[in-house]
There are 2 protein chains.
Amino acid sequence: MATKRAQMMEETRAKLIRAARQAFATKGYAAASMDDITAEAGLTRGALYHNFGGKKGLLQAVVDQIDQEMVTRMLAAQARAASRWDGLLEEGVAYIEMALEPEVQRIMLLDGPAVLGDPSQWPNQNACLQRTAQTIQALIDEGTVKPLDAEAAARLINGAALNAALWIAAADEPRAVLAKAVEAFRQLATGLLKPKGDAG
Amino acid sequence: MATKRAQMMEETRAKLIRAARQAFATKGYAAASMDDITAEAGLTRGALYHNFGGKKGLLQAVVDQIDQEMVTRMLAAQARAASRWDGLLEEGVAYIEMALEPEVQRIMLLDGPAVLGDPSQWPNQNACLQRTAQTIQALIDEGTVKPLDAEAAARLINGAALNAALWIAAADEPRAVLAKAVEAFRQLATGLLKPKGDAG
DNA sequence: GCTGACACATACGTGCTGTATGTCAATACA
DNA sequence: TGTATTGACATACAGCACGTATGTGTCAGC
């Protein structure tokens with residue numbers, strides 16, 4: 001195998017990402033020290049700088065990993081839905097529920113945008129958002145949704161879900177608030193629907 | 001006058017907030033050093049710690065000030081509208097437009113939540129959000145809007161506007177994107193409207 | 001088996017934050 | 001009016017974290 005070194009390197013990257021994910025989620029990006037992270041991974045800052053170029057690079061790697069996981073879950077949620085429209089709603093609800101997890105909230109919704117800038121500008125191009133935009137475009141094409149800019153609608157829908165999630169997570173009784181938020185989300189989303197019998 | 005010292009203190013607070021606002025907006029919270037800020041204000045870190053307790057306290061003060069300004073502008077936007085429903089839409093549009101300003105974006109939308117936590121937990125209680133919630137509650141009471149949780153709807157609407165703004169600000173042609181976003185926002189918001197002839 | 005390259009470790013300098021202490025002016029009081 | 005005390009602010013210091021520059025051991029190629 002000509003890949004022994006490459007394999008080792010993948011392993012160290014994985015260990016660093018794992019430790020960083022833990023530290024960023026619990027302490028936040030600013031308060032998480034690179035010495036602690038690398039020590040937790042059984043390494044030193046040398047490995048970190050070699051593999052990720054710096055602290056921001058490590059955060060980027062963590063963000064990319066979580067983003068991928070979120071897309072997977074959104075696809076699963078959509079696949080369970082009866083119709084494409086229901087699929088969009090389920091995606092949104094799945095997004096809200098994922099954002100309840102402290103890890104997602106802290107890293108993806110708070111520190112990520114603050115440190116790396118606007119999510120839509122991330123190298124990964126924010127796969128979650130693209131998923132939603134594609135679904136909305138399909139709904140426009142099939143005539144279910146009003147003919148408006150798919151990306152704009154996706155941003156608004158995702159933004160609504162995002163803020164709902166932040167609200168829920170900070171609430172005293174997350175479960176009760178979740179129900180209210182999901183209900184409001186479903187109602188709000190109907191604004192995108194084309195009125196019945198419209199010429200289109 | 002027993003207020004000479006108090007007056008001086010207000011002046012120093014104002015100077016520090018002004019300098020901090022400038023620095024936070026241009027360089028971001030993390031990259032803005034307290035030495036630079038206080039020097040710009042013609043003071044030292046001693047004054048800063050005495051008046052605001054630390055860097056986070058200073059950010060909080062800046063956030064509160066901007067929050068107040070935003071409420072003022074939202075009230076003005078609502079006042080110009082013909083109906084209460086239009087007022088809600090105009091508030092949203094005003095919010096989007098304000099979020100185009102780098103100062104608002106960087107401080108209120110990125111660094112603020114990341115450093116101080118969820119906006120709804122801020123001491124000031126996020127006046128912008130409360131405004132929107134009040135307006136929606138009034139619309140529910142008058143029968144224009146479906147009977148749902150006003151706070152939930154406000155969070156979703158504000159979140160949608162917020163993300164639209166982040167998107168616009170990062171776009172190559174902000175003006176063109178603004179038009180698309182505002183249109184999508186207006187359409188989305190109709191999801192809150194009660195269907196005509198509904199019993200309510 | 002030797003050499004070059006690469007992955008990672010170690011050491012050091014710099015800058016920033018927070019605190020502890022000092023100083024001077026303004027108020028209160030006699 | 002003179003003095004004591006409070007409080008606003010300045011200064012000095014310690015600790016920590018980041019980034020870089022340099023060193024070291026191990027793996028592929030000839």
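A salt bridge is taken here as a side-chain nitrogen of Lys or Arg within 4 Å of a carboxyl oxygen of Asp or Glu. By that criterion, two salt bridges are counted between domain 1 of chain A and domain 2 of chain A. The legends below describe close-up views of a predicted model.

**View 1. Salt bridge and polar contacts between the two domains of chain A.** Arg21(A) and Glu69(A) are joined through their side chains in a salt bridge, with an N to O distance of 2.8 Å. Four residue pairs are in polar contact between domain 1 of chain A and domain 2 of chain A, counting pairs with both residues at pLDDT 80 or more. On the side of domain 1 of chain A that touches domain 2 of chain A, the residues comprise four nonpolar, one polar and one charged.

**View 2. Arrangement of the domains of chain A and the area buried between them.** Domain 1 of chain A spans residues 1-53, and domain 2 spans residues 63-192. Their centres, taken over C-alpha atoms, lie 29 Å apart. Six residues from domain 1 of chain A and eight residues from domain 2 of chain A take part in the contact. About 680 Å² is buried between domain 1 of chain A and domain 2 of chain A, and carbon and sulfur atoms give 56% of this area. Within domain 1 of chain A, the residues that lose the most area to domain 2 of chain A are Arg21(A), Ala25(A) and Tyr29(A), which together account for 75% of what that side buries. Arg21(A) is thus shown both among these residues and in the salt bridge with Glu69(A).

**View 3. Contact between chain B and chain A.** In this interface, 36 residues of chain B are in contact with 35 residues of chain A. The two chains bury about 3,000 Å² between them, with 67% of it on carbon and sulfur atoms. On the chain B side, Leu156(B), Trp167(B) and Leu188(B) lose the most area to chain A, together 24% of what that side buries. Of the interface residues of chain B, 97% are also interface residues in chain A, so the copies meet through the same surface.

**View 4. Polar pairs across the interface of chain B and chain A.** Two salt bridges are counted between chain B and chain A. Asp149(A) forms a salt bridge with Lys180(B), in which the closest N and O atoms are 3.4 Å apart. The count of residue pairs in polar contact between chain B and chain A is 10, with both residues at pLDDT 80 or more.

**View 5. The rotation axis relating the two copies.** A turn of 180° with a shift of 0.0 Å along the axis lays chain B on chain A with an RMSD of 0.1 Å. The two copies are therefore related as by a two-fold rotation axis. Gly191(B) comes closest to the rotation axis of the residues of chain B, its C-alpha lying at 1.7 Å.

**View 6. Surroundings of DNA strand C.** There are 20 residues around DNA strand C, of which Thr12(A), Thr44(A), His50(A), Arg45(B) and Tyr49(B) come nearest. Among the atoms of DNA strand C within 4 Å of the protein, 66% belong to sugar or phosphate, and the rest belong to bases.

**View 7. Side chains at phosphate oxygens of DNA strand C.** An N or O atom in the side chain of Thr44(A) lies 2.7 Å from a phosphate oxygen of DNA strand C. For the side chain of Asn51(A), the corresponding distance to a phosphate oxygen of the strand is 2.9 Å. From chain B, the side chain of Lys55(B) places an N or O atom 3.0 Å from a phosphate oxygen of DNA strand C.

Methods
Residues are numbered from 1 along each chain as its sequence is written. Chains are lettered from A and ligands numbered from 1 in the order in which they are written. This is a predicted model: local features need pLDDT of at least 70, side-chain atom pairs count only at pLDDT 80 or more; totals for chains, interfaces and linings use all residues. Side-chain values use heavy atoms; hydrogens and water are left out. Domain bounds come from an automatic or database domain assignment. Contact means heavy atoms within 4.5 Å. Buried area is the accessible area (1.4 Å probe) that two parts lose on being put together, summed over both. A polar contact is a pair of N or O atoms within 3.5 Å; within protein, one must be able to donate a hydrogen and the other to accept it, and residues adjacent in sequence count only if both atoms are side-chain atoms. Ala, Val, Leu, Ile, Met, Phe, Trp, Tyr, Cys and Pro count as nonpolar, Asp, Glu, Lys and Arg as charged, and the others, Gly among them, as polar. Copies are superposed by least squares on the C-alpha atoms of residues with pLDDT of at least 70 in both. A residue is near a molecule or strand if one of its heavy atoms lies within 4 Å of it.
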